[in-house]
Amino acid sequence: ATKKPSSDALLFHAMYLMAVIDGTTSSSELHVLEALLTSLPEFSASSISERVAESKAIVTKYGGTIDSLEALADVDGMKARIKCFLLATEVAYASGGIGKAEAALLETLAKLLDLDKSVTKSIVTVLTYKYQDVRG
């Protein structure tokens, strides 16, 4: 039997998918990925190159970027599932807004993780405020 990816690898994979889903990875998305890797306890012992390699292995195992989303069904526990959605949403906002591909991925991710709409709506609302330009 093939070993399932660790929950830390799956958390990063959700962020990785969001960064690559629209075909390009912006520098702001990369900066957010790096900041999250250096500030969150789940990632303290790893480098971005190690995490990207793990995500690429998950993509290969599942036969493609979109198909690898299925791996995220293995995120264990509601707190981890909520954090998974939160981190993916943060990466989506980092590029200046949520595009069609990112919105579709978030919708699919919310269903896959079996998250209540009130939870996902709260996360999106808070991150909208965080990334909104209030200067003018």
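**A six-helix chain and its two main pockets**

The lining of the largest pocket, sorted by residue class, holds six nonpolar, one polar and five charged residues. This pocket belongs to a predicted model, and it encloses about 240 Å³ of space. Its nonpolar lining includes Phe-85, Ile-98, Leu-106, Ala-110, Leu-115 and Val-124, while Glu-107, Lys-111, Asp-116, Lys-117 and Lys-121 bring the charged groups and Thr-120 is the polar member. Two helices, α5 (100–112) and α6 (117–131), each contribute at least two residues to this lining. As a general point, empty space left among atoms is shown by rolling over them a probe the size of a water molecule.

Between those two helices, in the loop that joins α5 and α6, sits Asp-114. Asp-114 has a positive phi of about 55 degrees, although it is not a glycine. In general, most residues other than glycine have a negative phi. Asp-114 counts as exposed, because its relative accessibility is 61% and the exposed class begins over 50%.

The second largest pocket holds about 160 Å³ of space. Its lining is made by Lys-3, Lys-4, Pro-5, Ser-6, Ala-9, Glu-54, Ala-57, Ile-58 and Lys-61, and by class these are four nonpolar, one polar and four charged residues. Helix α3, which spans residues 48–62, gives the largest share of this lining, namely four residues.

Ile-58, one of the residues lining the second largest pocket, also leads to another part of the chain, since it is listed among the contacts of Ser-68. Ser-68 is found in the loop between α3 and α4, the latter covering residues 78–94. Is Ser-68 buried or exposed? Its relative accessible area is 0%, and Ser-68 is therefore buried, the limit for that class being under 20%. When neighbours within four places in sequence are left aside, Ser-68 is in contact with His-13, Leu-17, Ile-58, Val-59 and Tyr-62.

The loop between α3 and α4 also holds Asp-76, and here the side of the cut-off is the opposite one: with a relative accessible area of 67%, Asp-76 is exposed. Asp-76 and Ser-7 are 69 residues apart along the chain, yet their C-alpha atoms are separated by 7.1 Å. The loop thus contains both a buried residue, Ser-68, and an exposed one, Asp-76.

Stepping back to the whole chain, one finds six helices and zero strands, which follow one another along the sequence in the pattern α-α-α-α-α-α. The radius of gyration is 14 Å, close to the 14 Å that the globule rule gives for 136 residues, so the chain is as compact as a globular protein of that length. Taken along the principal axes, the box filled by the C-alpha atoms is roughly 55 × 30 × 30 Å.

How much of the chain is buried, and how far along the sequence do its contacts reach? Buried residues account for 38% of the 136 residues. Of the contacts between residues at least 6 apart in sequence, 76% join residues at least 24 apart. On the outside, the accessible surface of the chain comes to about 7,600 Å², and carbon and sulfur atoms hold 56% of that area.

Methods. Residues numbered from 1 in each chain as written. Predicted model: local features only at pLDDT ≥ 70, side-chain atom pairs only at ≥ 80, totals over all residues. Heavy atoms only, no water. 1 Å grid on protein atoms, 1.4 Å probe; cavity = no way out; pocket = protein on both sides within 12 Å on 5 of 7 lines; lining within 4 Å. Points joined across faces, edges and corners; volume = space filled by probe spheres on them. Buried < 20%, exposed > 50% of the residue type's maximum accessible area, 1.4 Å probe, protein only. Contact = heavy atoms within 4.5 Å. Rg over C-alpha atoms; globule rule 2.2 N^0.38 Å. Areas by Shrake-Rupley, 256 points an atom, 1.4 Å probe, with all protein chains shown as cover.
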